[in-house]
Amino acid sequence: MNKNKIYPWYFMAGALVLYFVLFFLPGLIGVGYSFTNWSAYSTELRFVGLDNFRTVFSADENYTKIISNTLVFTFVTTIIKNALGLLLAILLTKSVRFLNLHRGIVFMPSVLSTLIIGMLFKSILDAKSGLLNTFLRSCGLGFLAQKWLVSTEFAFGSVMAVDIWRGVGYIMTIMIAGILSISTDYYEAAEIDGAGSFARFRYITFPLILPTLATTTVLNIIYGLKVFDMVYALTNGGPGKATTEVLYTAVFKKFGTGQYAVGTALSSVMFLIMLFVGYFMIRLMTRNEVIE
Amino acid sequence: MLNKHEKLMKALAVSVLAGSMAAALSFTAAADEDVTITYMASQDWVQDAEMELGEKFTEETGIKVDYQIVPSDQYESLLMTKLNTGECTDLFGGQSSQFSIVNQFHVEENAVDLTDEEWAENVEPAAAFELSVDGKLYGQPVQDVSAVWAVAYNRQIFEDLGLEIPTDYASFCDVCDKLLEADIIPVYECVSDGWHHVCWTEKAIAATEADPEYPDKLNKNEATFAGNEQLITMFTELKEMVDKGYFGDNYMSNQYADAPAAIASGEYAMVLYNQGLGVEVNAVDPDFPVDNIGYFVSPLCDNQSLNVNYCGPSRFIYSGSANIDAAKKYLAYMASDESLAYMTENVGKFNQLPYLNAPSAYSDVIQEFYDRYPNKVAVFQASVKYYNPAWMDIGADMSAMFLDEMTPEEVLEDIDKLRAEQAAAASDECWN
């Protein structure tokens, strides 16, 4: 960046004030409330120090499981969405008949309401009369039929699978844009040199799509840490105590029961996790940027 | 702001109606009102018959009613979030309870005082008590609270297999075992709704019978759920019912709304239900006689008393609503003689709505059931503080118990913890 072209600081003052008042300040106040006994049951507000955070990390509570569920959800869905998205993007940048139709079909779930998808899959994954188990039984694969959403073994995996199905088309679309921006000259030169498909992917596509991959990773991680609607619609955190509970459904429930302070403490923990992850993500995304 | 013409028309309409039938209610006065009131309620709290009455109400008053029905496992969180953020609908549904309407709903702040409404004096005193604070009525009962959660059974199946109404837990297990032998799933249970399986805990009245002071001790924080012999037995027996397969394989994903169809199919023989299942099963299968459904009290803890509860789903007007008058007209319409008769006639489980002007529709089978259990004990929902607000959490604990994630003792300890959390948040002096 040319320092001579830097605009005066007050050009961004308006945006900064708006950001400070509408985003930063409420966040700061929220963190402040996590050190109080704020609740719907009493008008009295008292400083309680780290009590709410002790509750959050107490062994008697489920919050550590909830935090770990959120991180597992983020990790697994990010990896699989990226891998499947990349695979589909590679397939759908080839000369395939009805290319746009295929792309449209894969992308379509991304534009559907998550709540509607949740309700549809609640029906599809019903253990007794759901489409999936009925299909498995009709094919003689009844032994594969499971209690997808109501057993501790399968519920979390099912929720993640539905979310991957919903989100992979979006990631694929970004990847397609990334792949199409790679000059065909590289591929032609590689073909002349006798490079096969895998070698072309390994030495041309993959290195040149890494910046796109970094972007999709950031998008997936932010989405994963903030996931709410999919879990809410499919299992509402169940079955049992917290099989599929994630941070935002727990915060929602805490606010629902009027325990605001514990809710804000959970949000603050979430904020710290996102700050930590965000720092490394920004470093990852800007490491190849050249400052003139 | 109404213009002169509208004011004139409105006054004219009022005069005409005032001069006509005395029974004509005031809501008809504003037939040209262009108002939509929103009413949020949990699944199954708004019956089809109520929506039909809502359409008639709109025809007569011009006030439209937008029913927002929320899945029952999500309702409480959503309602409390809306109340706590000051963004609630004009009308909201909530469970009545002398304790939770104060501690949970804060009706003195969040709901409109309905004491002076014409219909208020018709609400049965026991039901009104659960909806009142300091003598002021804040809600309107929706359902028949004379009905109790009891085991509804297919009488034909029982007769065919030579089964008798069980009188204790052991005989109930015998019945279930014989049903299993006949390839019939004994009990239809639906955990996915989050609340229905908690209704089995109404047999906590066994603890009240063992010590009549127990609810008071709980309210004064002088006793705990943990360690109570009857409650441990109750949860242990429930878990045993799951383990023995009495609920079948699909109890975790079954839904309450499908219970009548499940009983009509003959696949299941019993379900914990309120009185009126016969009519609902008959609606699903017209060949299934209404009186083919009988009832007996849940035999957990060998208890043979009737678990009575004057608490039930109720309508409240949100104090922050911009349409309070229109909402009041809706409540007046729903409490009219005609509406109560229509609801009783068209909703199978409504036999005696808690209004002095509501008709009674008990069948012989239901009357015989009530007569069989003369001893009545109030359930914890009505008698114990901070129990009703924890209902869905207790439901989550119980499903964890069914899945072997918690023991009955741990469930009871967690109920104590849930109550303590709410008591502490409410600065209840008994917990400080």
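## A strand of chain B and its partners

B:Ala152 has B:Val271, in strand E9 of chain B, as its bridge partner. The model in which this pairing appears is a predicted one, and the pairing belongs to a longer run, since strand E7 (residues 150–154) of chain B and strand E9 (residues 268–273) of chain B pair in the antiparallel sense over 4 bridges.

Strand E7 of chain B is also joined by 4 bridges to strand E10 (residues 293–296) of chain B, and these two strands likewise run antiparallel. Within that second pairing, B:Val151 finds its bridge partner in B:Phe296 of strand E10. As for its surroundings, E7(B) is mostly covered, with 5 of its 5 residues buried.

## The two domains of chain B

Chain B is divided into domain 1, made of residues 33–144 and 311–346, and domain 2, made of residues 150–308 and 386–431. The centres of domain 1 and domain 2 of chain B, taken over C-alpha atoms, are separated by 27 Å. To the contact between them, domain 1 of chain B brings 11 residues and domain 2 of chain B brings 12 residues.

On the side of domain 1 of chain B that touches domain 2 of chain B, the elements giving two or more residues are helix H3 (72–84) and helix H4 (100–103) of chain B. Helix H3 of chain B gives the most to that side, with 3 residues. By class, the residues on this side of domain 1 of chain B comprise 2 nonpolar, 6 polar and 3 charged.

## The contact between chains A and B

Where chain A meets chain B, the contact draws 25 residues from chain A and 25 residues from chain B. On the side of chain A that touches chain B, the most is given by helix H11 (residues 247–256) of chain A, which supplies 4 residues. That side of chain A has 9 nonpolar, 10 polar and 6 charged residues.

For the complex as a whole, the predictor gives an ipTM of 0.78 and a pTM of 0.79.

## Confidence along chain B

Chain B has an average pLDDT of 90, and 92% of the residues score at least 70. Residues 1–30 of chain B, by contrast, have a pLDDT that stays under 50, and for this stretch the model has 21 contacts beyond four places in sequence. Where pLDDT is low, the predicted coordinates should not be read in detail.

Notes
Residues are numbered from 1 along each chain as its sequence is written. Chains are lettered from A and ligands numbered from 1 in the order in which they are written. This is a predicted model: local features need pLDDT of at least 70, side-chain atom pairs count only at pLDDT 80 or more; totals for chains, interfaces and linings use all residues. Two residues are in contact if their C-beta atoms, placed from the backbone, lie within 7 Å. Ala, Val, Leu, Ile, Met, Phe, Trp, Tyr, Cys and Pro count as nonpolar, Asp, Glu, Lys and Arg as charged, and the others, Gly among them, as polar. Domain bounds come from an automatic or database domain assignment. A residue is buried if 20 or more other C-beta atoms lie within 10 Å of its own, exposed if 12 or fewer, and partly exposed in between; C-beta atoms are placed from the backbone. Two strands pair if DSSP finds at least two bridges between them. pLDDT is the predictor's confidence in each residue, from 0 to 100.
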